[in-house]
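Please look over the model shown here. The report below walks through its core, one helix and a few loop residues.

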Amino acid sequence: MSENRMNGKSERSALASEKNKSKKKNGAIIGLSIATGVLALSTIGLGIGVGITQNSAMNYKNDLENVYNNNFYNLLDSVNNLDNKISKTLSSESGSTYQRKMLLEASRNASEAEISVSQLPLSHSEVQDTIKLINQISGYTSTLAEKMVGGQSLSQEEVETLEKIQRSIVDLKAQLSDFEKKLNRGYSIIDSSKDVSEDINSFTRSLTNLKNNDVEYPTMIYDGPFSDSVVNSKVKGLTGQAVSKSQAGENIKKYFKTSADIEYEGETKGRFETYNFRVTNADNERLYVQVTKIGGHILTISGAGRDGENNIDMEGAKDIAIKFASDNGIENGEVVWSDSIENDVYLNIAPKQGGIILYPDLVKVKVNMTSGTIVGYDATTYFTNHIDRSLSKGSLSLSDAKGKVPSNFEIVQSRLVLSPLDYNREVVCVEVEADNDNSTYYFYFNASNGNLENVLKVIETDNGNLLM
């Protein structure tokens, strides 16, 4: 089952914990196609969060370095576990319950590796082969496990494919182990991530062997969300004419009316071609901003806001985020999830079409409650996926969907959503939020036939919330 990590931070005080218990939930982020939430200590796109006060700069850097190191070691552990599970699968009796168990655990380990990769400041276009491989392994092993439920054994071709997968994993594991030695010698992920040239940061170059053309990546029957059809697909949502560098800078001034200084930092090429800027505003908050060459839309913002007393509340932050997204072409947006950590608010906004929330077109926003500034923004998923779709609300009513939830659950709310599911499906579902035994669940019923498509449970951790 897929996991989506939301916003989090490694330490919380007792007071923050009590606050967390009473916070208002505004929906969920779901599906394989939705990226993880805007991390409290992470960045969006190529940028490293900046703009903190001089006194707290070193503490922030140390915290962020620890987060990145932890994400790397989680990746290494997941790859090691994945190698172990594939080895056990190949050495166990074909068609056995144990073999199916190992395949399911391998799928989970691959999903965990995906999450860790997404939380490292990599130039993803340079490691997309590895990302694709990890995602395919997750889907392929899960598919094989489902096949075995019906009593089938693995075919010779499937065994050979698993052997090819393991060779790729062993190669990947060796490369990660070599990099671990660099970390043990004091290598800084933060410093190397700031060093960007030719659209690739130094950290990615240090892991350049992750994209190894000598590795034979097996062709699989399952293509997940990072398959070529998605990763290399034409960007669907960008509109407008090509803009110049100066026009892109003017757009930043239009959206950041308190900007004091805008410094051009170069261009990014790839699926999204952007002009990149460093922006310092009147509150001395420094931001890294990417503007698309097509249409002049703000694609990403990364940075950190001011410390101090909050001057706006959650509702004010929502208003700021919705207006900012609307100004940037995100029409009919609605906040579907929100959280606050210290003096920052994290929001996820999804557009609506005909009353249906479009989860595949999610936009992530971070608002500083001291200054009211947008200090984090990611519209890459929106501009990749957003099109005018032909959607049917189906025949399943909201009340009928609620009736399908077990009677021991307390219904919170229900609504129509376009849900990204396995095998790159987008399905209109009735989403039912329900509580049971102090836990929150989300049920997704196909709006056309009433079938249960997915169930997600919210798991609260010290590092944020997980949907599993």
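## Core, helix and loops

Start with isoleucine 298 in this predicted model. Beyond its neighbours up to four places away in sequence, Ile298 touches Tyr255, Phe256, Val289, Gln290, Val291, Phe324, Asn328, Tyr377, Ala379 and Phe383. Ile298 belongs to the largest nonpolar core, which has 35 residues. Together with Ile301 and Tyr377, Ile298 touches the most other members of that core. The biggest contribution comes from helix α10, residues 314-327, which supplies four residues. A separate core holds 31 residues, including Tyr68, Leu76, Tyr140 and Ile165.

Now take α10 itself. The helix has 14 residues, and at 1.5 Å a residue these should span 20 Å. The end C-alpha atoms are 20 Å apart, so the expected and modelled spans agree. Buried residues of α10 are Gly316, Ala317, Lys318, Ala321, Phe324 and Ala325. Lys318 is thus on the buried list, alongside Phe324. One of these, Phe324, is also a contact of Ile298.

What covers the buried residues of α10? The cover includes helix α9 (245-255). It also includes the strands β7 (298-303), β8 (333-341), β9 (344-353), β11 (363-368) and β12 (374-378).

Both ends of α10 have something to show. At the N-terminal end, aspartate 313 acts as a cap. A side-chain oxygen of Asp313 lies 3.3 Å from the backbone nitrogen of glutamate 315. After the helix comes glycine 329, with a positive phi near 90°.

Positive phi values also turn up in a loop. Most residues other than glycine have a negative phi. Two residues between β14 (426-436) and β15 (439-446) are listed here.

| Residue | Phi | Relative accessibility |
|---|---|---|
| Aspartate 437 | near 55° | 66%, exposed |
| Asparagine 438 | near 65° | 85%, exposed |

Aspartate 437 sits in the loop between β14 and β15. Asparagine 438 is found in that loop too. Exposed means over 50% relative accessible area. Aspartate 437, at 66%, therefore counts as exposed. Asparagine 438, at 85%, counts as exposed as well.

Another loop holds glycine 95, between α2 (54-91) and α3 (97-118). Is Gly95 buried, partly exposed or exposed? At 33% relative accessibility, Gly95 counts as partly exposed. Gly95 and glutamine 152 are 57 residues apart in sequence. In space, their C-alpha atoms are 6.2 Å apart. Setting aside neighbours within four places in sequence, Gly95 is in contact with Met148, Gln152 and Ser153.

Technical notes. Residues numbered from 1 in each chain as written. Predicted model: local features only at pLDDT ≥ 70, side-chain atom pairs only at ≥ 80, totals over all residues. Heavy atoms only, no water. Core = buried A, V, L, I, M, F, W, Y, C linked by side-chain atoms within 4.5 Å. Buried < 20%, exposed > 50% of the residue type's maximum accessible area, 1.4 Å probe, protein only. Helix = DSSP H or I, 4+ residues; strand = E, 2+ residues; numbered from the N terminus. Contact = heavy atoms within 4.5 Å. Expected span 1.5 Å × (residues − 1). Polar contact = N/O pair within 3.5 Å; in protein donor to acceptor, adjacent residues only side chain to side chain.
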